[in-house]
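Please consider the following points alongside the sequence and coordinates shown here.

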Amino acid sequence: MSAALKPIPPNNPPVPAVNDAPQLRVLTCGSVDDGKSTLLGRLLYDSQAVMDDQLVALDQESRRWGTQGENRDFALLLDGLGAEREQGITIDVAYRYFSSKRRSFIVADTPGHEQYTRNMATGASTADLAIILIDARRGVLPQTRRHAFIVAALGIRHAVLAINKMDLVDFSQATWQRIADEFTAAARPLGFQSIVPIPICARDGDNVVARSVRMPWFHGAPLLEYLETVDVSRPETEHGFAMPVQLVLRPDSEFRGYAGTVASGVVRVGQPLVALPNGQRADVARIVTADGDRAAAEAGRAVTITLDREIDVARGDVLAAADDAPTASASVEAELIWMATEPLVAGREFAVRLGTASAHARVVSIRHAIDIQTYAYRKPASLKLNEIGLVELAFDKPLVTRPYAMDRTLGAMILVDRLTHQTVGMATVQALIDPPKWRPSRRLARYVVDGVVIGAIAGALSSNLLFAALIGVAEMLLRPLLDHLLEAKL
Amino acid sequence: MPLSSLDRLEAESIFIFREVVASCDNPVMLYSIGKDSSVLLHLARKAFYPAPLPFPLMHIDTTWKFRAMIEFRDAVARQPGTRLIVHTNQDGLRAGINPFTSGSRLHTDVMKTQALKQALDKYRFDAAFGGARRDEEKSRAKERIFSLRSAEHRWDPRNQRPEPWQLFNTQKAPGESFRVFPLSNWTEGDVWDYIAREQIDVVPLYFAAPRPVVRRDGMLIMRDDARMSLRPGETPETRSIRFRSLGCYPLTGAVESEATTLAEIIAEMRHMRVSERSDRAVDHDGVGSMEQKKLEGYF
């Protein structure tokens with residue numbers, strides 16, 4: 001232990017932290033007029049997160065910029081930048097913090113306009129749950145479908161449908177039910193685990209914190225109570241341990257530790273690991289933290305791992321459970337959100353960051369663009385600002401990755417313009433393409449694997465002729481399944 | 001079990017420290033002596049354990065900090081493996097800039113904003129950690145964790161890089177630098193809970209004690225030395241006070257309090273009805289004043 005790290009002398013006995021329950025990270029999305037900022041302002045106000053001096057400032061600003069006449073405009077609590085106050089819209093992602101007695105919350109408040117899709121995607125990337133605002137008078141709009149798509153694409157599995165302005169539809173249960181049914185049907189292809197429709201009136205606070213007396217027919221929990229109790233945890237043992245290495249710590253010749261944050265699974269002392277992409281193996285010697293060594297560390301923990309033998313590991317590599325490791329791939333199929341003004345065309349090259357690895361990537365092809373309002377595919381020549389499409393990316397070296405649906409760390413990447421250094425795209429890995437199609441020798445290897453599978457089918461059917469014919473048909477029909485199997489194997 | 005709220009915040013801050021050290025050439029930690037700086041330093045040491053801190057601390061000294069802050073700072077600097085740089089804007093000092101006759105706005109601009117730019121240029125730092133939190137002030141709520149500054153140290157809120165996941169775009173052109181905020185997602189409550197949990201030492205001014213104060217412009221100002229001349233009718237009186245945030249003493253209002261332990265501070269904070277920075281004169285130079293200062297390069 002270095003002398004620099006003697007514990008800092010305490011000046012007080014420890015106090016148990018009150019606020020130590022798992023945090024909930026929430027995304028709110030809605031359009032300009034849905035009352036999203038009003039809802040959030042209301043949530044903060046009713047949960048006593050707005051202080052007296054902030055209320056005084058709010059009342060001043062309400063008179064200057066507000067849209068509620070002499071009343072408080074709760075939206076102004078949230079619109080932080082001058083341009084936003086003047087235009088009455090939310091341009092950027094703003095993060096809000098509040099806690100109730102049961103839980104603490106981080107809310108990403110993002111703009112609803114189509115031109116700010118990238119901001120919403122940014123907010124969604126770290127959220128556990130989304131609140132999708134709907135104006136009860138207008139019901140499910142194309143923009144609602146767009147919000148739902150982005151939320152699902154970024155891996156959020158739980159949605160609250162906040163059906164707002166119920167006062168303007170006479171608190172009608174039928175209206176609420178119709179909107180809830182319509183949304184649930186529309187969102188079916190998106191694969192949410194839960195969709196909870198709550199009728200609210202944000203301006204007056206109905207069903208925000210307190211149960212609404214004007215909607216006695218609603219028996220569900222008010223919004224805050226639901227947020228306090230919802231369980232958004234993912235199955236922990238989904239897959240094995242993986243940790244992108246951030247930094248190699250070598251304070252002296254004795255110590256060599258790999259610092260990083262566990263991306264998935266659990267790591268234990270003595271566990272056999274593999275370093276990727278080079279494939280060298282070693283066992284965990286120690287899991288070091290400033291609070292003492294640990295026997296194990298789970299996803300989300302920042303640790304420093306030492307190994308029982310010297311192998312070649314550097315920043316950008318991944319340490320993973322030897323028996324359940326991700327694979328390295330020089331080419332992937334990814335869903336890409338394009339964030340720059342000039343359109344993306346095939347052939348463009350970028351710097352990418354995936355985990356802690358940096359590489360160069362080329363957009364080999366744009367397979368299709370997705371109309372995020374109708375969820376229909378079309379074949380585009382380019383992707384415009386805020387468009388989402390499926391692209392094939394080729395890297396200049398193999399990157400250790402997993403599909404985003406399985407792994408929100410190793411399946412996510414940003415694309416950076418090599419000249420301007422702007423972040424121009426965010427992408428989620430959908431499938432690994434390995435070997436890439438233009439490398440014939442590996443392609444041949446794939447046919448051999450395909451042949452084994454197909455041979456098994458053909459053998460069952462006892463027909464050599466059928467075998468030959470099946471190769472062509474199977475190539476077409478079984479491709480997705482085979483790809484999946486191959487990813488698991490290679 | 002998912003990580004607890006504090007464990008998750010801690011791990012994310014450590015990740016940020018490590019990203020900067022892995023990708024920048026010459027980082028520095030802006031050390032402002034307050035509770036957030038104490039937490040920041042504690043997290044930084046954890047991030048690189050068992051290696052020593054791989055960057056220096058830098059304090060921008062306006063010469064108007066509380067004496068207890070300077071004593072605390074110097075004690076921290078004496079801890080082994082800690083390197084502290086202190087920078088004061090000598091031009092401002094010679095020009096006699098001070099918070100009383102120059103006003104808070106000019107004082108802050110010259111002795112903090114300009115001083116910080118001088119120091120960053122002098123030592124050619126390409127990344128500076130700061131303890132700012134998004135819950136402190138509205139325009140900070142939209143600040144990135146990695147906030148790019150031009151060679152002139154300006155912040156362009158209209159042209160901020162999207163920051164999805166924890167994938168930080170660490171690329172910059174020569175002359176550009178990052179302000180990095182590892183405590184972005186922490187709240188005042190998280191900071192105190194963490195100080196209590198980790199037993200982190202903080203400046204004694206956060207704890208209530210009888211101290212000499214005068215009531216001026218609606219704030220309780222502690223008369224920390226004789227440079228503060230009394231106005232007609234003002235008499236210092238001794239009250240039991242403490243501070244929620246610490247800055248230049250003439251610009252920092254105290255709150256009356258009997259809270260002398262962390263448990264009492266935390267209990268008091270949970271019932272507090274005014275925001276943390278309401279006692280900081282620098283925030284009240286007009287609506288949007290913090291945003292304007294940030295555009296100009298304030299931390």
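1. Strands 7, 8, 10 and 9 of chain B form, in the order 7-8-10-9, a closed four-stranded barrel with antiparallel pairing. From one strand to the next, the twist averages 75°; axes are lines fitted to C-alpha atoms, and angles run from 0 to 180 degrees between N-to-C directions. Strands are DSSP runs (E, at least two residues) and helices likewise (H or I, at least four), numbered from the N terminus.

2. Within the barrel, strand 7 (residues 209–216) and strand 9 (residues 237–242) of chain B run antiparallel and are joined by five bridges. Pairing requires at least two DSSP bridges between two strands. B:Ala209 has B:Ile241 of strand 9 of chain B opposite it.

3. The model is predicted: local features need pLDDT of at least 70 and side-chain atom pairs count only at pLDDT 80 or more, while totals for chains, interfaces and linings use all residues. Residues are numbered from 1 along each chain as its sequence is written, and chains are lettered from A and ligands numbered from 1 in the order in which they are written.

4. Chain B comprises domain 1 (5–190 + 288–295) and domain 2 (204–284), with bounds from an automatic or database domain assignment. The C-alpha centres of these two domains of chain B are 24 Å apart.

5. Where in chain B does B:Asp135 lie? B:Asp135 occupies the loop between strand 4 (127–129) and strand 5 (146–149) of chain B. B:Asp135 counts as buried because it has 24 C-beta neighbours inside 10 Å; the cut-offs are 20 or more for buried, 12 or fewer for exposed, and partly exposed in between, with C-beta atoms placed from the backbone. Beyond four places in sequence, B:Asp135 touches A:Tyr97, B:Thr187 and B:Glu188, contact being C-beta atoms within 7 Å. The C-alpha atom of B:Asp135 is 7.7 Å from that of B:Asn185, 50 residues apart along the chain.

6. The largest nonpolar core (buried Ala, Val, Leu, Ile, Met, Phe, Trp, Tyr and Cys residues joined through C-beta atoms within 7 Å) has 204 residues. Helix 1 (residues 5–23) of chain B gives the largest share, eight residues. A:Ala162 is among the residues with the most contacts inside this core; beyond four places in sequence, its contacts include A:Leu39, A:Ile132 and A:Leu223.

7. Chain A has a mean pLDDT (the predictor's confidence in each residue, from 0 to 100) of 82, with 77% of its residues at 70 or more. Over residues 436–473 of chain A, pLDDT stays under 50. Where pLDDT is low, the predicted coordinates should not be read in detail.

Terms used:
Contact = placed C-beta atoms within 7 Å.
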